[in-house]
Every structure is written in C-alpha cells, then in structure tokens.
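Subject: Structure for your review

Dear colleague,

Please find below the structure that I am handing over to you. I should be grateful if you would read the notes beneath the structure alongside your own inspection.

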Amino acid sequence: TKMRNFIPFAIAAAMLVSAGAASAQAADPHAGHGAMVMAAPASAGVVTSPADGSMSSSAPTAFSITFPHAMTLKSLTLATDGGRPAAVPVQAAAGTKATVSLPALGKGNHVLAWSAEGADGHAMSGVARFMVH
C-alpha cells in the first residue's frame, strides 16, 4: 500500500516540476539561449538542415538554419570524422533564416557547430551531427 500511495505522488511531483520549468521559459523569451545545444531538432524553435542526427546517401551542399526570431549567424565550423575543425565562411545578415554553402563533403560523419547573436546581444549556439553513407 505504501508503494501504491507513492506512485500518484511521484507523478504529481514530476508534473509540477515540469510545469514550473515550462512557465519560467514562457515568461522569458530568451531563457536557455546562452548555451543552447541542439539535442532535439525542435529545441527552442531552431531548425537546421541538415538536421542533427540525419543520415543521407548524398552530401548536403549547404547548411541552412531557421530561428524563431531575427538572429545573425556569426560562425559555422565543420569537422569531418574526428578531423580538425575548419571554419566555413559566413556572410549572413540578421533574419530568421540563414543559408551557407558547404565545401564538398565525402562519405562519413560530419559535425557542424554554429553560433548566432540577436540584435539585443543574446547568443545562441548549437551542433548538427550528420552522416553521409
């Protein structure tokens, strides 16, 4: 009986913690932007192509990113199969979408690390890991 009474309590406690975190983020539109890591494609409304965790038979020729509000893509770094990261030239203006041409990529694992900044100075960053078969 003690365990039966504990389960509803544990569920209610988890719901309260989750609701509190969600309302704190809803109150601050910039919450979590400081050290954002793209663990999930829909995290904070940022969408990348290629998407984090994607696999394809052909290499992408460009990286695109869509933000939930106007940002300036500041840097993009590419690492391939554990090799030394190399900067990819970025020429982006403030906006909700940026697209950058990528160098020719071969088969293997690739990591794109990006950083962006809003007009008010807040920063965002993330990673898109993808594989070309």
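The notes below cover the strand pairing, the nonpolar core, the aromatic pair and a polar contact. Please bear in mind throughout that this is a predicted model.

Strand pairing

Much of the description turns on strand β3, residues 62-80. Strand β1, which covers residues 47-49, pairs with β3 in the antiparallel sense over three bridges. Within that pairing, V47 has T66 of β3 as its bridge partner. Strand β5, residues 95-101, is also antiparallel to β3, and six bridges join the two. Here M71 is found opposite G95 of β5.

Strand β6, residues 108-117, forms eight bridges with β3, again in the antiparallel sense. One position to inspect is T77, whose bridge partner in β6 is A113. T77 also stands opposite A87 in strand β4. The strand β4 itself comprises residues 86-87 and runs antiparallel to β3, with two bridges between them. The hairpin made by β3 and β4 has five residues between its strands, and in this hairpin D81 adopts a positive phi near 45°.

The nonpolar core

The largest nonpolar core contains 20 residues. Those that touch the most other members are F63, I65, F67, L76, L102, L112 and W114. Two or more residues come from each of β3, β5, β6 and β7, the last of these being residues 123-132. The largest contribution, seven residues, is that of β3. As general background, nonpolar side chains in soluble globular proteins tend to be buried together.

L112 may serve as a point of entry to this region. Leaving aside residues up to four places away in sequence, L112 touches P50, F63, L76, T77, L78, L102, G126, V127, A128 and F130. F63, L76 and L102 are thus contacts of L112, and these three are also listed with L112 among the core residues that touch the most other members.

The aromatic pair

How many aromatic pairs does the structure hold? There is one. The ring centres of F67 and W114 lie 5.9 Å apart with their planes at 70°, so the arrangement is edge-to-face. The pair links distant parts of the chain, since F67 belongs to β3 and W114 to β6, with their positions 47 residues apart in sequence. Is F67 buried or exposed? F67 is buried, because its relative accessible area is 4%, under the 20% limit. W114 is likewise buried, at a relative accessible area of 2%. Both residues also appear among the core members that touch the most others.

D52 and R129

The last item concerns a contact between a loop and a strand. D52 is located in the loop between β1 and β2, the latter being residues 54-56. The relative accessibility of D52 is 18%, so this residue counts as buried, the limit being under 20%. Which atom does the side chain of D52 reach? That side chain comes to 2.8 Å from the backbone nitrogen of R129.

R129 lies in strand β7. With a relative accessible area of 39%, R129 is partly exposed, because the value falls between the 20% and 50% limits. R129 and V111 are separated by 18 residues in sequence, while their C-alpha atoms are 4.4 Å apart in space.

Yours sincerely

Methods
Residues are numbered from 1 along each chain as its sequence is written. This is a predicted model: local features need pLDDT of at least 70, side-chain atom pairs count only at pLDDT 80 or more; totals for chains, interfaces and linings use all residues. Side-chain values use heavy atoms; hydrogens and water are left out. Two strands pair if DSSP finds at least two bridges between them. Helices (H or I, at least four residues) and strands (E, at least two) are DSSP runs, numbered from the N terminus. A nonpolar core is a set of buried Ala, Val, Leu, Ile, Met, Phe, Trp, Tyr and Cys residues joined through side-chain atoms within 4.5 Å. Buried means under 20% relative accessible area, exposed over 50%, partly exposed in between (1.4 Å probe, protein chains only). Contact means heavy atoms within 4.5 Å. Rings of Phe, Tyr and Trp (its six-membered ring) pair if their centres lie within 6.5 Å; planes under 30 degrees apart count as stacked, over 60 as edge-to-face and the rest as tilted. A polar contact is a pair of N or O atoms within 3.5 Å; within protein, one must be able to donate a hydrogen and the other to accept it, and residues adjacent in sequence count only if both atoms are side-chain atoms.
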